[in-house]
Amino acid sequence: MANGESAYVAYEEPNVVPALTNVPRFGKPGLSAAFSGNQEDIINYLTGILFVAILLTTIVFVWFLALLILKCFFSSGFMSGKRFQPNSRHKTRVRTVFLVAAAIWITCTALAITEGIDNLQNSVTTVSRANRSLAFMLDRAKRIVNNLFEIADESSDVRDVLVSNLGEFCPQNEDLFQETGLDLDKEAETAIEALTLLGDFVGERLVSVEEGLDTAEVTNQQIDSFVKQIDVNGNYSLFILIPWVLVPSFMLVGVIMAYCDVHIAFYECLLQWFFLPFLIFMTIASTVFSSALSIIAITNADFCSGGSDSTPRGTIQALLDAQNIDGVLRGIIEGYLSGCVDGKDAFQNVEAYQVEIETALGQIQAVSDDMIEVTVPKLQLLCGRTYDDLVEMIGKMDGLLANLMEQATNTLDLVACENVGPLVSSAVNDGLCKFSVTGFAWTFICFSIMALMGVIMVMFRSSYLGEEDERESLSLYDNTPVTFKSPPAVSSAITSRSSYDEGRTYDMPYEPSFVQGHGSNGYEIQQW
């Protein structure tokens, strides 16, 4: 088979693969262990790759639980969702942290699209393109093999008659060699052996080639069906990510308004009762996405760095060993993955068939040439038999073998490494490793950061609220009857020094209880 080394797409390990394969995990068996059929190995591998997902989920859960406790059992403080106290030392820092967290959230959403989803789409496109090309080649290869079977079946009857005639080439003259100078008996025996071997080949090894092609076709159809269901760059994927940009953007505007001491009651209500619950939901969703993506990314990285040579080819070979897959299918897979540069040939059986056809054709033509040289009439005279049937069968067999040779050559040309090797190596090395592991890593990291930033924004949700007014800060609410009176040296009415109407006295008698204190403006405050 032609050497496809120059067209082979070599594997280049992405930078994220070592980082993902070395993340902390409970155990570290190879990916092939998950397909070994050993229940203990499967459990060990699955529990190992769950470590990051469990860690992230636990952090977010405990953080939300702490915020829930603060909300339910504390009636003041910005971490419990209350407004800031007037002149609070924390409000500027808290709002700054909120703004930074919102900006990081939006940036990670953009990176998840540009670096994560785009790489995943490239992975799907690469695999899909290679799979379609392979489907076309498999279809042609199956048609050619079917032609080989039809021609072989047609030639079997001719071969049987020819073998019978060659077996009794010259029964009445044992000294044919001395009479003609040509060892026609030996050539006839050699032709019989070649034709018999060719028949055995069709019955055994060519059948295994057909079975390998059938298995490859089923696998190809399964991959095509799976790829068609994935469109990570489609409208629905981008539509899902739109809220991940809009919600923190609206909340970021609310915090900037609070920075500028601009308060719109409706906008604050919208943030508090619509966007905040939406943010909590998206934070939880980001945690779930990140946990799932961590499992996929680590598994993908294990696939790309497995086996004895820490490559996807090594992983596939280990998986074939674990599943005890051998024969033609394994030869096809390993041959194309290696680019047919290490002595492995994906279609050795077809090549061997081509050699057997060529040998049989050569032997038949040798017998025909010798018969022409001696002349058929002379042979009939020396051997006491007619050769008309034999000459006719040799002519038919010569044409059938030439046709078989053509079909075998077409098969080998179709499945040559320079045609198929680049497709397989591109699908595996680029599609399943270079693009996919990079895309999964970016989306995993981005959603993990968004989950943490979301919890921070929920914790500092007071950032977009206004401050408590003076009466709220003194815990004297509108439904509490109060009387504001001036100090003893001033009249008992509140003068223009107060923000209240000049000359008015707020005296609202109530039950006989007495509270006395001094406000920040120097007035005496009494409650009755």
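## Nonpolar cores

Which residues touch the most other members of the largest nonpolar core? In this predicted model, they are Trp105, Met251 and Leu279. The core holds 85 residues. Its largest share comes from helix H15, residues 417-459, which supplies 21 residues.

Leucine 279 can be followed contact by contact. Leaving aside residues up to four places away in sequence, leucine 279 touches Trp105, Val247, Met251, Gly454, Met457 and Val458. Trp105 and Met251 appear again here, and both are, like Leu279, among the residues that touch the most other core members. A second core is separate and has 23 residues. Ala191, Leu361, Val367 and Leu382 are among them.

## Overall build

The chain has 528 residues, and buried residues make up 45% of them. Its secondary structure consists of 16 helices and three strands. Take the contacts between residues at least 6 apart in sequence: 79% of these join residues at least 24 apart.

The exposed area of the chain is about 27000 Å². Carbon and sulfur atoms supply 58% of that area.

## Aromatic pairs

Seven aromatic pairs occur in the structure. One of them joins phenylalanine 250 and phenylalanine 275. The ring centres are 4.7 Å apart and the planes differ by 20 degrees, so the pair is stacked, the cut-off being under 30 degrees. This pair links distant parts of the chain. Phenylalanine 250 sits in helix H8 (residues 235-259), while phenylalanine 275 sits in helix H9 (residues 265-304). The two are 25 residues apart.

Cover differs between the partners. Phenylalanine 275 is buried, at 7% relative accessible area. Phenylalanine 250 is partly exposed, at 34%. Phenylalanine 275 also pairs with phenylalanine 274. Here the centres lie 4.9 Å apart with 80 degrees between the planes, so this pair counts as edge-to-face, the cut-off being over 60 degrees. Phenylalanine 274 has 42% relative accessibility and is partly exposed. Ring pairs extend the picture to a cluster of Phe250, Phe274, Phe275, Phe278 and Phe281.

## Salt bridges

Side chains of opposite charge can pair when their charged atoms come close. How many salt bridges does a search of the whole structure find? It finds five.

One of the salt bridges spans a long stretch of sequence. Arginine 83 and glutamate 268 meet through their side chains, at 3.4 Å from N to O. Arginine 83 lies in the loop between helix H3 (51-73) and helix H4 (91-167), and glutamate 268 lies in helix H9, so the bridge ties together parts that are 185 residues apart in sequence. Is glutamate 268 buried or exposed? Glutamate 268 is buried, with a relative accessible area of 11%. Arginine 83 is partly exposed, at 32%.

## Local bridges and a network

Aspartate 139 and arginine 143 form another salt bridge, with 2.3 Å from N to O. Both residues lie in helix H4. They are four residues apart, about one turn of the helix. Aspartate 139 is partly exposed at 35% relative accessible area. Arginine 143 is partly exposed too, at 45%.

Aspartate 309 bridges to arginine 313, and their closest N and O atoms are 3.6 Å apart. Aspartate 309 is partly exposed at 32% relative accessibility. Arginine 313 is partly exposed at 25%. Lys142, Asp214 and Glu217 are joined in a network of salt bridges.

## A nonpolar surface patch

Which residues form a nonpolar patch on the surface? The members are Phe61, Val62, Leu65, Leu68, Ile69, Phe73 and Phe74. Together they have about 740 Å² of accessible area.

Valine 62 is one of these residues and belongs to helix H3. Its relative accessible area is 47%, so valine 62 counts as partly exposed.

Terms used
Residues numbered from 1 in each chain as written. Predicted model: local features only at pLDDT ≥ 70, side-chain atom pairs only at ≥ 80, totals over all residues. Heavy atoms only, no water. Phe/Tyr/Trp six-rings, centres within 6.5 Å; stacked < 30°, edge-to-face > 60°. Buried < 20%, exposed > 50% of the residue type's maximum accessible area, 1.4 Å probe, protein only. Salt bridge = Lys/Arg side-chain N within 4 Å of Asp/Glu carboxyl O. Patch = residues over 30% accessible without salt bridge, like charges linked within 9 Å, V, L, I, M, F, W, Y side chains within 5 Å. Areas by Shrake-Rupley, 256 points an atom, 1.4 Å probe, with all protein chains shown as cover. Contact = heavy atoms within 4.5 Å. Core = buried A, V, L, I, M, F, W, Y, C linked by side-chain atoms within 4.5 Å.
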